[in-house]
Amino acid sequence: MRLGAERAALAFVLLLALSLVGVPFILRPRDMAAVRGVVLDGRGFGVPEVAVFLFDVERRQLLEETRTEARGDFAFHLSSRDVRVFVRPPEASGFLPAWGPAHEDGVGRQALVLQPARGLELAVRGPDGQPLAGAEVCVYERRVEAVALDLARTGADGRAHLLAPARADVRVREPRSGLARWRFDLEVPVEGGELVLDLPTGRRVRGVVRGPEGPLAGAWISAEADSESTWSDFATSAGDGGFELCLGLGPATLRVLDPTAAHLPLARRLATAELAESSLALELERATPLVVRIARNGLPLAARVWSWSGASEAWSFGARTDVAGRARVPVGARYGLRAEPLDPAFAPLELWDVDHAAGTLHLEASPRR
Amino acid sequence: MARRRRVWVSLCVALLLIGVARARATRRTAASPPEPRAGVLSESASSAFERARREQALMRAEATVEMLRALAAAPVLAGAGP
């Protein structure tokens, strides 16, 4: 009899433990994995008959498409682990396209609020000053995270029409050479704007990213030409560590980041002669990954975290915190750190010239003053 | 009798392990945090940060560019596109 009571007590303890850690996942209804939401205008009214697309982010594939119902609702019954919603209203509606939250933020029902669109006429000229046909032009919006909103190719007259927000970033890329030119923080008037972009003469630069263990795949390489004092291009290293960039003529600075936080960031200024070499070798030093936890009153807070490497004078890849508020950044013996909560109501956090110590670094966010 | 003893021993071992794990986690937490110090980044690091943040945001946005390319290449609902 007593043994029966003890068994019952043990079963109760087991059930209690399960309810604390496992049951919410085990009993989660399957329908929660489906993607559903509503498309609203600026006044909060549902926008009907808007095309909604569902993408597989990892494969960059269009999975499904639908239209919003009378009250602006939409739903996809096909579920996948890493999906993202894109809404594209008809141009006559006067609304900008919009992206739903990235998978990590897209919990529950999504509400996409459409912003008014502004017209942007782009004229692209090649190195010879002539209109450049077939160039890819892209308009970006930077709010919490940057997204591409509209994409087009220039016609025979070198012109393209795009939809843009009030403040936009624009990239033009020549399809054959891959040479790109950026314009940041472009103010687009309500009545629409015009922009002329001249592509300079470019050349291809090849290289390999290596760590102490050998070639490094998945590193991010970005280049900035000294003469243009603006961002030129970026690439990701392949399985053998190889990459290819298209740069303007003249010296440039290359920055290399490892998103896995296993290596310190690298910034290297390259003279014209070095850029003319057949293959550049970029060597990254091994780092100690530091776990940073961002919280507010003990609760995890979504943020992006960067570390500063004094040796190479470069910022690391900005790591996004997970559901527990933790992010991993690469550091050396001494480091600087900056964390920016995604909620703009909270102030950024900074640490400077800190000795590395084992364990998790806990930072408490405070409201912005 | 022996069975009951085994049950109690198992329970005690489980509780002991939980206690050790909690104590280790608490010690790690207590050992770590330096106080955040604001406004001490050097000027070069500050200007480099603004540039790094913008570049990285646009590099991450490349996924959305590729998805827009996929959309442009796909057959779209009648009248859905611009």
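**Note on the predicted two-chain model**

1. Between chain A and chain B, 12 residue pairs are in polar contact, both residues of each pair being at pLDDT 80 or more. By class, the side of chain A that touches chain B is made up of 32 nonpolar, seven polar and 25 charged residues. The structure is a predicted model, and the remarks below should be read accordingly.

2. The extent of the interface may be stated in two ways. In terms of residues, 64 from chain A are in contact with 52 from chain B. In terms of area, the two chains bury about 5,400 Å² between them, and 66% of this lies on carbon and sulfur atoms. Within chain A, the residues that lose the most area to chain B are A:R60, A:E350 and A:W352, which together account for 13% of what that side buries.

3. Charged pairs also cross the interface: seven salt bridges are counted between chain A and chain B. One of the salt bridges joins A:E340 to B:R53, with the closest N and O atoms 2.6 Å apart. Over all chains, the structure holds 32 salt bridges.

4. A salt bridge inside chain A deserves a separate remark. The side chains of A:R67 and A:E49 meet at 3.9 Å, N to O. Because A:R67 belongs to strand 3 of chain A while A:E49 sits in the loop between strand 1 (35–40) and strand 2, this pair ties together parts that are 18 residues apart in sequence.

5. Strand 3 of chain A takes part in an open sheet of four strands, ordered 3-2-5-6, in which the pairing is antiparallel. The edges are occupied by strand 3 (61–67) and strand 6 (98–99) of chain A; each has a single partner strand, so one side of each is left without a neighbour in the sheet. At one end of the order, strand 5 (residues 83–88) of chain A pairs with strand 6 of chain A over two bridges, in the antiparallel sense. A:V87 has A:A98, in strand 6 of chain A, as its bridge partner.

6. This four-strand sheet is also where a helix of the other chain is placed. Helix 3 (residues 62–73) of chain B lies across strand 2 (51–56), strand 3, strand 5 and strand 6 of chain A. The helix runs at about 120° to strand 2 of chain A.

7. A second open sheet in chain A has three strands in the order 11-8-14, with mixed pairing. Here strand 11 (159–164) and strand 14 (193–198) of chain A stand at the edges with a single partner strand each, so one side of each is left without a neighbour in the sheet. From one strand to the next, the twist averages 25°. Strand 8 (residues 118–125) of chain A is joined to strand 11 of chain A by six bridges, and the two run antiparallel. Along this pairing, A:R118 stands opposite A:A164 in strand 11 of chain A.

8. Strand 12 (residues 167–173) and strand 13 (residues 180–187) of chain A run antiparallel and are joined by six bridges. A:V170 stands opposite A:R183 in strand 13 of chain A. The two strands form a hairpin with six residues between them, where A:G178 takes a positive phi near 85°.

9. Strand 23 of chain A has several pairings, which are best considered together. With strand 28 (residues 326–331) of chain A, strand 23 (residues 288–296) pairs in the antiparallel sense over six bridges, and A:P289 stands opposite A:P330 in strand 28 of chain A. With strand 31 (residues 361–364) of chain A, strand 23 runs parallel, joined by four bridges; the bridge partner of A:R293 in strand 31 of chain A is A:H362.

10. Strand 23 of chain A is further joined to strand 24 (residues 299–300) of chain A by two bridges, and these strands run antiparallel. A:R296 has A:L299, in strand 24 of chain A, as its bridge partner. The hairpin of these two strands has two residues between the strands, and A:N297 takes a positive phi near 55° in it.

Note on methods. Residues are numbered from 1 along each chain as its sequence is written. Chains are lettered from A and ligands numbered from 1 in the order in which they are written. This is a predicted model: local features need pLDDT of at least 70, side-chain atom pairs count only at pLDDT 80 or more; totals for chains, interfaces and linings use all residues. Side-chain values use heavy atoms; hydrogens and water are left out. Contact means heavy atoms within 4.5 Å. Buried area is the accessible area (1.4 Å probe) that two parts lose on being put together, summed over both. A salt bridge is a side-chain nitrogen of Lys or Arg within 4 Å of a carboxyl oxygen of Asp or Glu. A polar contact is a pair of N or O atoms within 3.5 Å; within protein, one must be able to donate a hydrogen and the other to accept it, and residues adjacent in sequence count only if both atoms are side-chain atoms. Ala, Val, Leu, Ile, Met, Phe, Trp, Tyr, Cys and Pro count as nonpolar, Asp, Glu, Lys and Arg as charged, and the others, Gly among them, as polar. Two strands pair if DSSP finds at least two bridges between them. Axes are lines fitted to C-alpha atoms, for helices over the stretch in contact, and angles run from 0 to 180 degrees between N-to-C directions.
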